[in-house]
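Here are a few exercises to work through with the model open in your viewer. Try each task before you read its solution.

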Amino acid sequence: MSKRKVVLIPGDGIGPNISTAVKKVVAASGAEIRWIGCKAGLAALEEGPDVLPESTIDAIKEHKIALKGPCTTPIGEGFTSVNVQLRKILDLYSAIRPIRNLDGIKTRFSGVDIVIIRENTEGLYSGVENQVTPGVVMTMKVATEDACYRIAKKAFEYARKRGRKKVTVFHKANIMKMTDGLFIRKSREVSQRYTDIEYEEMIIDAGCMKIVQDPTQFDILLLENLYGDLLSDLCAGLVGGLGVVPGSNIGDDIAVFEAVHGSAPDIAGKNIANPLALLMSCVMMLNHLAENEGIDYYSECATKIKLAYNKAIGEGATTRDLGGNLGTQEFADALIERM
Ligand code: NAI
């Protein structure tokens, strides 16, 4: 069988270490993948002038699938964020982030099963910033009918396909009447064509309070860009932290899978980072390939990996962020032993 080529961007900080661990586990699962290594972030700046080189974009366009480690974009040096650029250039308009309790990780809540569907291309992340006059600066929040419509459609389609019951939109349309107003108008319009799925709107400040009181009342959260970014980390905190939340950025024909967390410079180079979130993102990728390209055995490999990490976590074989004492590579070895 020929190996599916997948672009791998190891990224910065903890990225190369967790990517190595993930590759080991995937190989042990039997999933035949040929990784095409590409650079972005600080790693790319060591070799050229851009944080996101053309060659990396071209490789993703060619192979349509990438697994991406976290990237650092230098602050205040005129570089646009790697992630913002990638999502825009490749039109990866939806970020899909499932947030669930894992057996064996004790948190304040059980039964959390939320999917965040975040608009990924506009809002306050449009990069339209200027200085009005010295001492007065401005960032523009952009919303377009098309982008609001397609992300709402994505959320409802996702809900229907996966048998989910409810879509909740968090917004601040009471203040941002035009931009958030458009977002809820389009969400409402789309919701009317999915009468089998409950639709609900909530002002985001009240929504945040409710989510930390009882997250089990939420199913799919549909959010514009900034709110999706913030709620992703908040929800990660409900199920054990940034080390256990996977993610994907999906367009119409290209998908980039990545963990929610960043490059964690505070723990880089120590072999203590948890590779699980990137591994879970890779499991999402294998399932995506099985579903969209008919490579059925990838879903069996994905299940094998899931069983292995559930078992390891259940037995207390975890990295330090989850209360264990394994290093990044030792955790990968522990999964391989259990496969
Ligand atoms: P961060 O997610 O890197 O770190 C926040 C906290 O979580 C830190 O204490 C870190 O040690 C911990 N943490 C994160 N991932 C972990 C893991 N796998 N295992 C154990 N602990 C983990 O967020 P921060 O500090 O705000 O950002 C650091 C850099 O990452 C920045 O340059 C930022 O721009 C970049 N970043 C990149 C992202 C991406 O490429 N997708 C996403 C978020 C941030």
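A residue counts as buried when its relative accessible area is under 20%, as exposed when it is over 50%, and as partly exposed in between. Keep in mind that this is a predicted model.

**Exercise 1. The whole chain**

Task: work out what share of the residues counts as buried, and whether the radius of gyration agrees or disagrees with a compact globule.

Solution:
- Start with the cut-off: 53% of the 339 residues of the protein chain count as buried.
- Next, take the globule rule. A compact globule of 339 residues would have a radius of gyration near 20 Å, and the protein chain has 20 Å, so the two agree.
- For the extents, the C-alpha trace spans about 55 × 45 × 40 Å along its principal axes.
- Now the contacts: of those between residues at least 6 apart in sequence, 75% join residues at least 24 apart.
- Finish with the surface. About 15,100 Å² is exposed, and carbon and sulfur atoms supply 51% of it.

**Exercise 2. A lysine in a strand**

Task: is Lys166 buried or exposed, and what does its side chain reach?

Solution:
- Place it: Lys166 belongs to strand E8, residues 166–171.
- Apply the cut-off. Lys166 has 12% relative accessibility, so it counts as buried.
- Follow the side chain, which reaches the backbone oxygen of Gln217 at 2.8 Å.
- Look around it, skipping neighbours within four places in sequence: Lys166 is in contact with Ile197, Glu198, Glu200, Gln217, Asp219 and Ile220.

**Exercise 3. Helix H4 and what follows**

Task: find which residues of H4 are buried and what covers them, then look at the residue with positive phi after the helix.

Solution:
- List the buried residues of H4 (residues 82–89): Val82, Asn83, Val84, Leu86 and Arg87.
- Find their cover, which includes helix H3 and strands E3, E4, E5, E11 and E12.
- Check the start of H4, where a side-chain oxygen of Ser81 comes to within 3.1 Å of the backbone nitrogen of Asn83.
- Move past the helix to Asp91, in the loop between H4 and E4. Asp91 has a positive phi of about 50 degrees although it is not a glycine.
- Test its exposure: at 32% relative accessibility, Asp91 counts as partly exposed.

**Exercise 4. Another positive phi**

Task: where does Lys64 sit, and what is its phi?

Solution:
- Locate Lys64 in the loop between H3 and E3.
- Read its phi: near 70 degrees, a positive value in a residue other than glycine.
- Lys64 has 32% relative accessibility, so it counts as partly exposed.

Note on methods:
Residues numbered from 1 in each chain as written. Predicted model: local features only at pLDDT ≥ 70, side-chain atom pairs only at ≥ 80, totals over all residues. Heavy atoms only, no water. Helix = DSSP H or I, 4+ residues; strand = E, 2+ residues; numbered from the N terminus. Buried < 20%, exposed > 50% of the residue type's maximum accessible area, 1.4 Å probe, protein only. Polar contact = N/O pair within 3.5 Å; in protein donor to acceptor, adjacent residues only side chain to side chain. Contact = heavy atoms within 4.5 Å. Rg over C-alpha atoms; globule rule 2.2 N^0.38 Å. Areas by Shrake-Rupley, 256 points an atom, 1.4 Å probe, with all protein chains shown as cover.
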